[in-house]
Amino acid sequence: MNTKRSAIFVSLIALASLTSVTENASAPTEILTKNACLACHGVSNKIVGPGYNEVAAKYAGQADAAASLSKHIKEGGVGLWGQVPMPAQPNLTDEDLKTVVDWIVAGAQP
């Protein structure tokens, strides 16, 4: 009986972990949608600003990529990708910012 309970407990933990991974896999695009980022940036194509795949390629291998991207997203700017300004995103939570930046640094896969 104790072994059966242990097996059920382990199964429930595995199911909870799988659910968490599934939810986190869609988190970046949900955050981008919620904050209207996809109005200007496609995942794999330029709209007004560069596609996230282009941003990932530009910052690939840079040790300070996450810090640099975080700053540019929070503060906005102009000149990195042309003369169209990127508006500041001060309302983006630190947690959401980290999720998006980590996703970009990891290659911004759809």
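Which residues lie nearest the centre of the largest pocket, and how many residues line it? In this predicted model, the lining of the largest pocket comprises 33 residues, and those that lie nearest its centre are His41, Gly49, Pro50, Trp81 and Met86. The volume of this pocket comes to about 650 Å³. Two or more residues of the lining are given by each of the helices α1, α2, α3 (65-75) and α4 (94-105), and the element that gives the most is α2, with 4 residues. When the lining is sorted by class, 22 of its residues are nonpolar, 9 are polar and 2 are charged.

The chain that surrounds this pocket has a secondary structure of 4 helices and 0 strands, so that its elements, read from the N terminus on, follow the order α-α-α-α. Of the 110 residues in the chain, 27% are buried.

Salt bridges were examined next, and the structure holds 4 of them. One of these is formed by Lys34 and Asp96, whose closest N and O atoms are 3.0 Å apart. This pair links distant parts of the chain, since Lys34 belongs to helix α1 and Asp96 to helix α4, with their positions 62 residues apart in the sequence. The two partners also stand in contrasting surroundings: Lys34 counts as exposed, at 59% relative accessibility, whereas Asp96 has a relative accessible area of 13% and is therefore buried, the cut-off for that class being under 20%.

A further salt bridge joins Asp94 to Lys74, with the closest N and O atoms 3.9 Å apart. Because Asp94 lies in helix α4 and Lys74 in helix α3, the pair ties together parts that are 20 residues apart in sequence. Asp94 is exposed, with a relative accessible area of 60%, while Lys74, at 23% relative accessibility, counts as partly exposed.

Helix α4 also holds a salt bridge within its own length, formed by Asp102 and Lys98. In this pair the closest N and O atoms are 2.6 Å apart, and the two residues are separated by 4 residues along the helix, which is about one turn. Asp102 counts as partly exposed, at 37% relative accessibility.

Attention then turned to the loop between α1 and α2, in which both Asn35 and Ile47 are found. Asn35 is partly exposed, with a relative accessible area of 23%. Although Asn35 and Gln89 are 54 residues apart along the chain, their C-alpha atoms are separated by 8.6 Å.

Ile47, which is found in the loop between α1 (2-34) and α2 (52-59), takes part in a nonpolar patch on the surface together with Val48 and Val84. The accessible area of these three residues together is about 240 Å². Ile47 itself is partly exposed, with a relative accessible area of 40%; this value is over 30%, the cut-off that a residue has to pass to be counted in a patch, and Ile47 therefore meets that condition.

Definitions and conventions: Residues are numbered from 1 along each chain as its sequence is written. This is a predicted model: local features need pLDDT of at least 70, side-chain atom pairs count only at pLDDT 80 or more; totals for chains, interfaces and linings use all residues. Side-chain values use heavy atoms; hydrogens and water are left out. Patches are made of residues with over 30% relative accessible area and no salt bridge: like charges are joined within 9 Å, nonpolar side chains (Val, Leu, Ile, Met, Phe, Trp, Tyr) within 5 Å. Accessible areas come from the Shrake-Rupley method with a 1.4 Å probe; for residues, only the protein chains shown count as cover. A salt bridge is a side-chain nitrogen of Lys or Arg within 4 Å of a carboxyl oxygen of Asp or Glu. Buried means under 20% relative accessible area, exposed over 50%, partly exposed in between (1.4 Å probe, protein chains only). On a 1 Å grid over the protein atoms alone, a cavity is a set of points where a 1.4 Å probe fits but cannot get out, and a pocket is an open set with protein on both sides within 12 Å along at least five of seven lines; lining residues have an atom within 4 Å of a point. Grid points are joined across faces, edges and corners, and a volume is the space filled by probe spheres set on the points. Ala, Val, Leu, Ile, Met, Phe, Trp, Tyr, Cys and Pro count as nonpolar, Asp, Glu, Lys and Arg as charged, and the others, Gly among them, as polar.
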